[in-house]
Every structure is written in structure tokens, then in C-alpha cells.
Amino acid sequence: MAMIAAKCPRYEVTVVDVNAERIGAWQSDALPIYEPGLLDVVKQVRGRNLFFSTDVASAIDKAEIIFVSVNTPTKTFGEGAGKAPDLQYWEKTARTIVEASRGNKVVVEKSTLPVRTAHAMERILNSNRKGIRFEVLSNPEFLAEGTAMRDLELPDRVLIGSHQTPEGIAARDALVEIYANWVPREQIITSNVWSAELSKLASNAFLAQRISSINSISALCEKTAADVSEVSRAIGLDSRIGSRFLNASVGFGGSCFRKDILNLVYLCETCGLPEIARYWQGVIAINEHQKTRFVQTIVSAMFDTIADKRIALLGFAFKKDTGDTRDSPAIAIARKLLEEQALVVVSDPKALANARLDLAGAPAGRLLFEEDPLQAARGAHALAILTEWDVYRTLDFRAIFDAMEKPAFVFDGRNILDHKALYSIGFNVYPIGKPPLTHL
Ligand code: UDX
């Protein structure tokens with residue numbers, strides 16, 4: 001919304017939330033999320049044509065176009081628990097929109113939703129007895145965290161799904177007009193509502209599938225003398241495949257991939273397509289396996305026991321340049337290390353507050369938090385790189401080595417460090433999908 005306000009000075013954008021604390025944070029310079037470049041844009045437009053408010057009803061009534069971006073977490077109860085999305089917030093929002101509206105409106109689905117949700121929402125919205133007509137569009141968001149501002153400014157494409165009726169097309173054109181203020185027309189693509197909804201789930205499933213594919217190859221590389229970076233480079237140079245999203249890692253995380261694939265799996269199951277459901281479930285299974293394998297490597301390299309050994313986790317966010325830890329592979333890895341009775345020290349430049357919440361309930365005295373990587377490494381037997389933060393590439397590894405117990409281990413879960421240099425300092429180095437470099 002900040003980007004729309006910045007690019008379209010003629011539009012007035014009001015962001016509403018029932019949570020007064022969050023709205024307060026959006027009105028301050030301590031935004032509720034860390035996203036590079038976001039504060040600059042917010043400051044540029046706040047009070048000009050971007051406003052934040054808790055007065056949901058009056059903002060709805062005044063608006064011509066309403067973007068709904070409420071969360072749709074995975075259901076934890078009842079039918080579809082663990083897979084289906086929990087739509088209660090979306091439905092409550094639809095009912096709030098009906099109550100507060102006195103005229104026709106366009107309602108835009110921004111949250112990622114299962115296919116045909118727009119249809120259900122439309123039924124709720126249009127069941128009103130006030131004679132008001134709501135036109136629902138699907139406009140899935142493809143930005144990635146950490147690069148959100150660039151992705152919004154220079155999107156590969158903007159997708160707008162609408163009904164192919166005159167009203168649907170008119171609503172769609174109103175939304176196209178907004179994006180056309182900065183996105184070239186040929187990159188604004190349109191489709192029917194359900195194709196737009198499915199495209200979002202399928203895009204995330206394809207991206208996650210690439211990571212699980214290369215991670216599956218990393219396991220094979222570790223059993224042979226192959227090097228996953230070399231394999232990934234060779235695969236990616238095929239222009240039909242492309243080079244991005246082929247970095248082997250400790251596994252993908254984030255608020256989208258797992259949730260969206262589970263949505264897709266659930267959708268396939270409910271459509272009577274169990275084979276297709278199993279196919280996509282496999283992408284998640286490989287991701288879980290990759291985290292398990294990483295911990296198994298740590299335990300077996302460190303003489304089959306890590307009990308009471310201090311292990312410093314460098315990085316807890318699900319990727320660099322964000323403080324977000326939702327579904328971060330670091331959560332599962334930290335828990336598994338704690339189960340092995342290791343002493344776990346978590347370090348991260350932006351995610352420590354979230355990490356504390358994620359690991360609440362850990363056995364007393366076994367879990368520490370330390371922002372400074374050198375302090376985290378002091379007295380540690382091993383370092384495990386779990387997030388590819390740029391600052392980790394240039395740490396003083398000689399000083400870190402001197403501060404550690406010996407033999408000192410590095411498990412590079414992101415393959416971002418100079419493994420040969422670490423080896424020559426004296427570390428035993430275990431990358432992902434490459435032969436280890438050890439002095440033992
Ligand atoms: C993703 C999609 O990219 C975006 O289009 C969608 O709108 C939301 O979901 P995001 O979750 O923010 O975005 O992050 P992304 O950059 O896709 O990374 C997801 C995870 O995959 C991270 O944990 C990342 O570290 C991991 N990853 C990514 C790899 O392990 N290897 C890679 O090669 C790329």
C-alpha cells in the first residue's frame with residue numbers, strides 16, 4: 001500500500017487494522033516489520049496520501065477499492081487441520097465489509113487463498129440486503145521478504161483475476177489503472193479469478209520444488225564426490241531451467257512455501273486427486289528430511305554426541321535481510337539439537353526477539369541468545385550457519401577459532417563461507433552437498 005501511495009499520488013490509501021498497537025507502530029519510525037527500504041517510502045507518503053487507522057468501519061465505507069490482506073494460517077483444528085487454510089479472519093473481514101458499506105465496492109483478495117475462496121467470499125458479500133454489489137478480484141502478491149520494495153517497484157508481473165462479466169472487467173480495469181502508474185502494461189496480466197488464485201499457489205509450489213530438488217541432489221553429493229554448487233551451476237546454465245532458486249540449503253522456510261503447498265495438497269485431495277497430492281507433499285517431505293539430515297551430520301561429525309556441547313547457530317531468520325522466523329528451518333534444527341541435549345546459542349542480527357518466542361519452553365539453561373557472533377562462538381564446539389546474512393561472510397574467523405573449543409567445527413548450512421580458508425585456519429568444515437574438509 002505504501003508503494004501504491006508513492007506511485008499514485010492521486011489515490012488516497014488508508015491502512016486499517018483492529019490492532020491499535022500495530023497501527024501505532026506504523027505511525028512511528030519503529031515499523032512493526034523490518035524490510036529494507038520500507039521506512040523511506042512510508043515516510044515519503046505518510047500523512048500525504050497514506051494513512052493508518054483503527055477506524056475500520058469508516059475506512060471501509062469511504063473506500064471504492066478494498067484490499068484484504070488478513071492472515072490465513074494453516075488450520076490447527078477440525079476438518080483439514082494441518083493442511084487447509086484457516087479462513088475465519090477472511091470471513092470475519094467479509095462480514096465487516098458488508099456491515100460497514102453503504103455503496104458498491106471492489107474487493108481485492110491479496111491474502112493467498114485456496115482456489116474458489118473468492119467465490120465463497122462473494123456469496124457472503126453479495127448476500128447483503130442493502131442492494132449493494134461487491135465485485136471480487138484476485139490480485140495475488142508475489143513479493144519476497146527482504147527484497148519486497150524492489151519486487152514491488154519492478155515486478156516480473158502483476159496478476160489480476162476477475163469475472164469475465166462487464167462488471168468484473170470494469171473492476172479489473174480500475175485495478176489495472178492503479179498498477180499502470182508504474183508497471184508496464186504488458187507485465188500486468190489478467191485471467192479468470194480461479195486461475196489467479198491457483199497461479200499463486202502453483203508459483204510458490206514450483207519455487208519450493210526447485211529448492212527441494214537441489215536439496216535432494218545435495219544429499220546424493222554428500223554420499224559421492226560430487227559438489228552441489230558445481231552441479232547447480234551446470235543445471236542452471238540451461239536457459240530452459242535458469243539459475244535462480246537452485247542454492248542447496250538447510251531447507252526453505254518462510255510464511256508461504258509450506259503453507260501454500262499444504263493448501264495445494266489439500267485442494268488436490270478434496271478434488272479426488274490423491275496421486276497429485278502425494279507428488280506435492282513430496283516437496284515438503286524432502287524439506288523436512290534436509291533439516292533432519294543437517295542435524296544428523298552435526299551429531300555424527302562430532303563423535304556421535306553433542307550432549308553438553310555448546311553449538312552456536314549463526315542466523316535464525318528464514319532468510320537474510322528479514323527478522324521473520326516463521327517456519328524458519330532454524331526452529332526445527334534448534335529443537336533437534338536441544339533434544340540431543342546440546343547447549344544452543346542463537347545469534348541473529350534481526351530475529352532474536354522472534355527466536356525467543358519460537359523456542360519458548362526450551363529446557364532451562366540449555367538455550368542462550370547472543371547477538372554478537374564472536375560472543376556466541378566463545379567456548380563453542382561448533383558453529384552452524386543457518387541464515388545467509390552477508391555479515392557472516394566477513395567475520396574474523398581466526399579470532400572465532402581462537403575463542404572456540406577444539407576440535408572446532410563449522411556446519412555451513414547455506415554454503416556462504418570460504419571453506420578452504422576456514423579449513424586452513426584449523427576448522428573442520430562441513431558444507432551442504434560437498435565433501436567435508438577435516439583435520440581428523
Ligand atoms: C516466497 C516467494 O518467493 C514469493 O514470490 C511469494 O510471494 C512469497 O513466498 P519468501 O518466502 O519471502 O517469498 O522468500 P524466498 O526468497 O522465496 O525464500 C524462501 C525460502 O527458500 C527461504 O528460507 C530461503 O532461504 C530458501 N531458499 C531460497 C533456498 O533454500 N534456496 C534457494 O535457492 C532460494
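Before we zoom in, a quick word on terms: helices and strands here are DSSP runs numbered from the N terminus, with at least four residues for a helix and at least two for a strand. Keep in mind, too, that this is a predicted model.

**View 1. A turn of the backbone at Asp-308.** Look for Asp-308 in the loop between helix 12 and strand 8, the strand that covers 310–314. What is the phi of this residue near? It is near 65°, so to speak on the plus side: a positive value in a residue other than glycine.

**View 2. A cis peptide bond ahead of Pro-407.** Here we're in another loop, the one between helix 16 (397–403) and strand 12 (409–412), and Pro-407 sits in it. Follow the chain from Lys-406 to Pro-407 and you'll cross a peptide bond that is cis, with omega near -5°.

**View 3. Who surrounds the ligand?** The ligand has 20 residues around it, and the closest are Glu-145, Ser-249, Phe-318, Lys-319 and Arg-414. Sort that shell by class and you get 11 nonpolar, 4 polar and 5 charged residues. Which helix gives the most to the shell? That's helix 9, residues 193–223, with 4 residues.

**View 4. Polar atoms beside the ligand's oxygens.** Start with Ser-249, where a polar side-chain atom lies 2.6 Å from an oxygen atom of the ligand. For Glu-145, a backbone N or O atom lies 2.7 Å from a ligand oxygen. Asn-247 also brings in a backbone N or O atom, this one 2.9 Å from an oxygen atom of the ligand. How much of the ligand does the protein bury? On its own the ligand exposes 670 Å², and the protein buries 91% of that.

**View 5. Helix 9 passing helix 10.** Helix 9, which we met beside the ligand, packs against helix 10 (residues 228–236) at an angle of about 135°, with the axes 9 Å apart. That angle makes helix 9 oblique to helix 10. The crossing is right-handed.

**View 6. Helix 11 against helix 12.** The axes of helix 11 (residues 257–270) and helix 12 come within 8 Å and cross at roughly 155°. Why does this pair count as roughly antiparallel? Angles over 145 degrees fall in that group, so helix 11 is roughly antiparallel to helix 12. As for handedness, this crossing is left-handed.

**View 7. Helix 12 again, now with helix 13.** Helix 12 runs over residues 274–301 and helix 13 over residues 329–339. Their axes come within 10 Å and cross at roughly 40°. Are these two parallel or oblique? With that crossing angle, helix 12 and helix 13 are oblique to each other. Helix 12 and helix 13 make a right-handed crossing.

How values were computed: Residues are numbered from 1 along each chain as its sequence is written. This is a predicted model: local features need pLDDT of at least 70, side-chain atom pairs count only at pLDDT 80 or more; totals for chains, interfaces and linings use all residues. Side-chain values use heavy atoms; hydrogens and water are left out. A residue is near a molecule or strand if one of its heavy atoms lies within 4 Å of it. A polar contact is a pair of N or O atoms within 3.5 Å; within protein, one must be able to donate a hydrogen and the other to accept it, and residues adjacent in sequence count only if both atoms are side-chain atoms. Accessible areas come from the Shrake-Rupley method with a 1.4 Å probe; for residues, only the protein chains shown count as cover. Ala, Val, Leu, Ile, Met, Phe, Trp, Tyr, Cys and Pro count as nonpolar, Asp, Glu, Lys and Arg as charged, and the others, Gly among them, as polar. Axes are lines fitted to C-alpha atoms, for helices over the stretch in contact, and angles run from 0 to 180 degrees between N-to-C directions. Angles under 35 degrees count as roughly parallel, over 145 as roughly antiparallel, 65 to 115 as roughly perpendicular and the rest as oblique. A crossing is left-handed if the near helix is turned anticlockwise from the far one by less than a right angle, and right-handed if clockwise.
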